[in-house]
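Colleague: I am new to this one. Can we go through it in a few short questions?

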Amino acid sequence: MTTQPQEAVPLAPAQTRGGPAAWPALRHWVMIGAIAIALVLPFVFHGFVVFQLTLVMIYGLAILGLNLLTGFNGQFSLGHGAFYGLGAYVTAILMQRWGVAYYWTLPAAGGVCFLVGFLFGLPALRLQGLYLALATFALAVALPQLLKFHGLEHWTGGVQGIVVDQPDPPSFLPIDADQWLYYFTLAVVLILFAGAANLVRSRTGRAIMAIRDHPIAASAMGINAPLYKTLTFGVSALYTGIAGALGAIAVQFVAPDSFNFLLSISFLVGLIIGGMGSLPGCLFGGLFVLYVPNIAESVSRGLAGAVYGVIMLLVIFVMPSGAAGFTRLVIARLSRSRNRQPPA
Amino acid sequence: MQLLLQQIMAGLANGAIYALVALAVVMIYQAIDHLNFAQGEMATFSSFLAWQLIAWGLPYWAAFFTAVILSFAAGVAIERVLFRPLHHAPILASLVGFIALFSILNSGDGYLWNYTIKTFPTPFGTRPLFGSALIDTHEAGMIGVTVLLLALLYLFFRRTRLGLAMRAAAANPDSARLVGIRVGWMTALGWGMAAAIGAVAGMLIAPVVFLEPNMMLGALLYGFAGAVLGGLSSPGGAVLGGFAVGIIENLAATYIPYVGRDLKLTIALIVIVAVLMVRPAGLFGRSAVSRV
C-alpha cells in the first residue's frame with residue numbers, strides 16, 4: 001500500500017476547474033433544457049419505457065450517493081448495493097406491514113440508511129483503499145444473507161421477499177400510475193441533486209474534497225477529517241437508500257437476491273463510466289447501467305455478458321475519465337479552437 | 001474435542017482453496033498494485049481449457065502443464081493488449097477493465113462449454129488420508145501444492161534477480177525504470193504468473209466444487225477476504241489468511257447456535273473486519289508510511 005497518497009489524486013477531476021467564462025451560462029441553459037425534456041418524456045413514450053426512465057433516474061440517484069463518497073471524498077465502496085437494499089426494505093416493510101403512505105417512507109429509508117452509513121463510517125475511518133473496499137464488500141455480501149435469515153422472516157418475508165403496491169396517481173391528474181411515479185421520482189431526484197450540488201459547492205463540500213485530495217494537508221488546515229468522513233458516509237448512504245426506497249416503489253417488489261454484490265458493482269461501473277466527481281455524470285451512469293445490459297442481450301443472448309464487457313471496455317478506452325471527463329475535454333477543445341480564431 | 005478437530009481439518013481443506021486464490025490475488029496485487037476482479041474467471045477459463053484437453057485425450061499432467069503455460073501466455077497477452085493502454089487512465093478506469101474482463105470470460109465460458117456442471121479429475125485420488133476420516137488425499141494434495149507454490153514463490157522473489165526486479169518495479173516504478181528495469185514487462189510477467197497460479201488453483205478446486213462457469217465466485221470472495229486478512233503485501237500472510245477464513249467459517253457454522261449455519265459467511269466477514277480494525281493493513285501486512 002505504498003502508493004496510497006498518489007491513489008487519491010487521479011480520483012479527482014476537480015469540479016471547480018471549469019471551462020471558459022461562457023460555460024456557466026451555457027450550463028444553466030443545458031440544465032433548463034434537460035428538465036424541460038424530462039417533463040415531456042412521459043407523454044412521448046409509454047408504459048415500459050417510462051418505467052425504464054424512472055429506473056434510470058433511480059440508479060442515477062444511487063450512483064450520486066456513491067459519487068459523494070468515492071468521487072468527492074475519496075472513500076472507496078463496493079457495498080452501496082447494501083444501502084440501496086436497506087432503503088428498499090425499509091420502504092417495503094413500512095408500506096406493506098404498517099400501511100405507511102409511500103411518500104412518508106422516503107425520509108424514513110433515508111434516515112435509517114444515514115444512521116447505518118454513519119455508524120459504518122466509524123470503523124471505516126481506520127481502513128484505506130482495498131481494505132475499505134473489503135469491509136464495504138462484506139456489507140454487500142452480508143445483506144442478502146441477513147434478509148433471508150429465518151429469525152427476521154417475520155419482517156422481511158425471507159426468500160419470498162415482499163410485494164409492494166403501486167401508488168395511485170392523485171385523482172385530479174389525468175395521468176397513469178407509471179407516469180405519476182415518473183414525475184414523483186423526478187421531483188425527488190431534482191431536489192436531491194440540487195441538495196448535492198449545494199453541498200459540494202459549500203464550505204463543507206470543499207472540506208470533503210480537500211480530504212480526498214490530500215488528507216494530511218486537510219487535517220493540518222484544521223479540517224476535522226474523521227467527522228467529515230463519517231458524515232459523508234452517512235449522507236452517501238442516505239442518497240443511495242432513498243434511491244432504493246424509490247426503486248422498491250417502482251419495481252413493486254423486493255427480494256434478498258436483487259440486492260447482491262453485483263448491484264454494488266454495477267453502481268461502481270455506472271460511477272466510473274459517468275465520471276467521478278460529476279453530478280450530471282451520475283445520470284449518464286444510470287443510463288449505462290440500465291440500458292447497456294439490455295442492448296448486449298439483444299445483440300447476442302448467449303454471449304450477452306461478453307458483449308456487455310466489450311462495450312464497457314470500448315467506453316473506458318474512449319473515455320478513460322468517464323462521460324463527464326470526456327464532455328469537459330470536448331468543451332475545452334472547442335473553446336480553445338474558437339479562441340484561436342483571429343478577431344474579425 | 002473430536003468435533004473441534006474434525007471441524008478444523010474440514011476448515012483447513014476449504015481453506016486450502018481460499019489460500020490458493022488468495023495467493024494468486026496477492027501475486028497480481030504486488031505486480032500491478034490493483035485487485036484483479038477477473039482473477040477467478042481467469043482461473044475458471046484455465047480449468048475449462050484443461051478439461052477440454054483431457055476430453056481430447058491428453059493425460060492429466062500433460063493437460064495440467066499445457067493449461068498452466070497457456071494461462072501464463074494469456075495473462076501476459078491480456079496485460080499487453082487490454083491494460084497497458086489504461087496505464088495512464090484514472091485508477092478506477094482499470095477497475096472497469098477488470099469487471100469487463102470478468103463479464104467477458106464468464107459469459108464466454110458459458111457459451112463455449114455451457115452451464116452444466118462437469119466433474120474434473122484429481123491426480124491425488126479421494127481416499128481418506130492415513131485411513132482417518134478427517135481429510136482425504138485430494139485435500140491433503142491441495143494443501144501440499146499450496147505450500148509448495150508458496151515456497152517456490154518465496155525463493156523466486158527473494159533469491160533471483162528477476163524476482164528482485166519485479167519487486168522493485170512494483171514498489172517504485174520510476175526508480176526501477178531509472179536503474180534499467182523494464183517495468184512494463186515486469187507488470188506483464190506479474191500478470192502471467194498470477195494467471196498461471198490461478199490456473200493451478202482452478203484445476204485443484206474444480207474436483208471439489210465441480211467445473212462450471214461460476215465455480216470461482218465463492219472461492220474468489222473468500223480468497224479475497226483471506227488475502228486482505230493476511231495482508232495484501234505478504235504472500236505468506238495471504239495463504240495463512242486463506243486457511244484462517246476456512247477455519248473461522250467452519251467453526252462459526254458449528255459452534256455459534258441459532259445463527260451460525262445461515263450466516264456463516266456474514267460471521268466470517270465480521271471477524272475479518274474486526275481484525276482489520278485492530279490491524280488495518282492485515283495481520284502480516286506492512287502499513288505504508290506516506291511522505292508529505
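Modeller: Yes. Bear in mind that this is a predicted model. We can begin just after H3(A).

Colleague: Which residue just after H3(A) takes a positive phi?

Modeller: Look just past the end of H3(A). The phi there is about 75°. The residue is A:Gly74.

Colleague: How far apart are the end C-alpha atoms of helix H3 of chain A?

Modeller: The helix covers residues 48-72, which is 25 residues. At 1.5 Å a residue, it should span 36 Å. The model agrees with that: the end C-alpha atoms are 34 Å apart.

Colleague: Where is the kink in H3(A) centred?

Modeller: The kink is about 35°. Its centre is A:Leu66.

Colleague: How many residues of H3(A) are buried?

Modeller: This helix is mostly covered. Of its 25 residues, the buried ones number 21.

Colleague: What is the radius of gyration of chain A?

Modeller: Chain A has 15 helices and two strands. For its 344 residues the globule rule gives 20 Å. The chain comes close to that, so it is as compact as a globular protein of that length. Its radius of gyration is 21 Å.

Colleague: Which helix gives the largest share of the largest nonpolar core?

Modeller: That core has 211 residues, and B:Leu23, B:Val25 and B:Ala225 touch the most other members. The largest share is 18 residues. They come from helix H1 (residues 2-32) of chain B.

Colleague: Which residues does B:Val25 contact, leaving aside neighbours within four places in sequence?

Modeller: Two contacts are B:Leu35 and B:Gln39. The others are B:Gly223, B:Phe224, B:Ala227 and B:Ala238.

Methods:
Residues numbered from 1 in each chain as written. Chains lettered and ligands numbered in written order. Predicted model: local features only at pLDDT ≥ 70, side-chain atom pairs only at ≥ 80, totals over all residues. Helix = DSSP H or I, 4+ residues; strand = E, 2+ residues; numbered from the N terminus. Expected span 1.5 Å × (residues − 1). Bend = angle between axes of the 7 residues up to and from the residue. Buried ≥ 20, exposed ≤ 12 C-beta atoms within 10 Å, placed from the backbone. Core = buried A, V, L, I, M, F, W, Y, C linked by C-beta atoms within 7 Å. Contact = placed C-beta atoms within 7 Å. Rg over C-alpha atoms; globule rule 2.2 N^0.38 Å.
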